[in-house]
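I opened a notebook page for this structure and listed what to look up. The entries follow in the order I made them.

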Amino acid sequence: MTRTTEDTVRAFLTEVRSGRSPERADRYMASTVLAHQVRAGARVTLERGPSNYTEHVKEMLEMFGPFEFIIDELLVDGDRAYARWVQQGTHVGVIDGHAPTGRPVETIGSAVYRVAEGRIVEYWIQQDAAGLTAQLAASES
């Protein structure tokens, strides 16, 4: 039986993206996922797979330590799900060239995930990079 879009995305976020079990990415992601990353002034599409997504989450853990990941909203329409979240951690590793401060940091993000046959096959993600940069700069003052 195939998981629903909601079940797939909710489990992916709570188990994998949350940093609790990044090694479980292969349970929720197709072997190749198109990852559309939107930042002000630039759009990049990467090919992600479960193994490099696992490494991506491990890198976040190195920068933010064990973090709290809160899903603020999850809306589903057919094969797509929109998720908005807050990630709260501690600045324990180098982030965008900023040396660790040990201070709390919070990031806000959202993504639209497209699911086929119970696996994420594509997503469009936005992160509040400016908000994170402002927190890091304030920590250095």
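I took a residue as buried under 20% relative accessible area, exposed over 50% and partly exposed in between. The model is predicted, so I used local features only where pLDDT is at least 70.

**Positive phi**

I began with Glu-117, which sits in the loop between strand 5 and strand 6 (119-127). Its relative accessible area is 75%, so Glu-117 is exposed. I noted a positive phi of about 55 degrees for Glu-117, although this residue is not a glycine.

I then went to Asp-96, in the loop between strand 4 (80-90) and strand 5. Asp-96 is also not a glycine, and its phi is positive, near 45 degrees. Because its relative accessibility is 60%, I entered Asp-96 as exposed.

I looked up Gly-65 as well: just after helix 2, Gly-65 has a positive phi of about 65 degrees.

**Gly-93**

Is Gly-93, in the loop between strand 4 and strand 5, buried or exposed? I found 10% relative accessibility, so Gly-93 counts as buried. Leaving aside neighbours within four places in sequence, I listed Glu-62, Met-63, His-98 and Pro-100 as its contacts. I also checked Gly-93 against Asp-79: they are 14 residues apart in sequence, and their C-alpha atoms are 36 Å apart in space.

**His-36 and Glu-122**

I placed His-36 in strand 1 (residues 29-39) and Glu-122 in strand 6. His-36 has a relative accessible area of 15% and is therefore buried. Glu-122 is at 11% relative accessibility, so I counted Glu-122 as buried.

What does the side chain of His-36 meet in polar contacts? I found a polar contact of 2.7 Å with the side chain of Glu-122. I found another with the side chain of Thr-45, at 2.8 Å.

Beyond four places in sequence, the contacts of His-36 include Val-44, Tyr-123, Trp-124 and Ile-125. With the same kind of neighbours set aside, Glu-122 touches Val-33, Leu-34, His-36, Val-112, Tyr-113 and Arg-114.

**Nonpolar core**

I counted 32 residues in the largest nonpolar core. Which of them touch the most other members? They are Phe-12, Leu-13, Trp-85, Tyr-113 and Tyr-123. I listed the elements that give two or more residues to this core: helix 1 (5-17), strand 1, helix 2, strand 3 (68-77), strand 4, strand 5, strand 6 and helix 3. Helix 1 gives the most, with 5 residues.

I followed up Tyr-123. Apart from neighbours within four places in sequence, Tyr-123 is in contact with residues including Val-33, Ala-35, His-36, Arg-48, Tyr-53 and Tyr-113.

**Helix 2**

Helix 2 has 15 residues, and I read 21 Å from its first C-alpha to its last, close to the 21 Å expected at 1.5 Å a residue. Its buried residues are Pro-50, Tyr-53, Thr-54, Val-57, Met-60 and Phe-64. They cover an arc of only 115 degrees around the axis, which puts them on the same side of helix 2. On the face turned away from that buried side I found the exposed residues Ser-51 and Glu-62.

**Helix 3**

Helix 3 (residues 129-140) has 12 residues and should span 16 Å at 1.5 Å a residue; I read 17 Å between its end C-alpha atoms, which agrees. I entered Leu-132, Leu-136 and Ser-139 as buried in helix 3. Seen down the axis, they fall within an arc of 60 degrees, so they line one face of the helix. What covers them includes helix 2 (50-64) and strand 5 (104-116).

**Salt bridges**

How many salt bridges does the structure hold? I counted 6.

- Glu-6 pairs with Arg-10, with the closest N and O atoms 3.1 Å apart. Being 4 residues apart in helix 1, they are separated by about one helical turn. I have Glu-6 as partly exposed at 34% and Arg-10 as partly exposed at 36%.
- Glu-15 and Arg-24 meet through their side chains at 3.2 Å, N to O. Arg-24 is partly exposed, at 29%.
- Asp-79 pairs with Arg-80, the closest N and O atoms being 3.8 Å apart. Asp-79 is partly exposed at 35%, and Arg-80 is partly exposed at 37%.
- Asp-72, Glu-73 and Arg-84 are linked in a network of salt bridges.

Terms used. Residues are numbered from 1 along each chain as its sequence is written. This is a predicted model: local features need pLDDT of at least 70, side-chain atom pairs count only at pLDDT 80 or more; totals for chains, interfaces and linings use all residues. Side-chain values use heavy atoms; hydrogens and water are left out. Buried means under 20% relative accessible area, exposed over 50%, partly exposed in between (1.4 Å probe, protein chains only). A polar contact is a pair of N or O atoms within 3.5 Å; within protein, one must be able to donate a hydrogen and the other to accept it, and residues adjacent in sequence count only if both atoms are side-chain atoms. Contact means heavy atoms within 4.5 Å. The expected span of a helix is 1.5 Å times one less than its number of residues. The arc is that of the directions from the helix axis to the C-beta atoms. A nonpolar core is a set of buried Ala, Val, Leu, Ile, Met, Phe, Trp, Tyr and Cys residues joined through side-chain atoms within 4.5 Å. A salt bridge is a side-chain nitrogen of Lys or Arg within 4 Å of a carboxyl oxygen of Asp or Glu.
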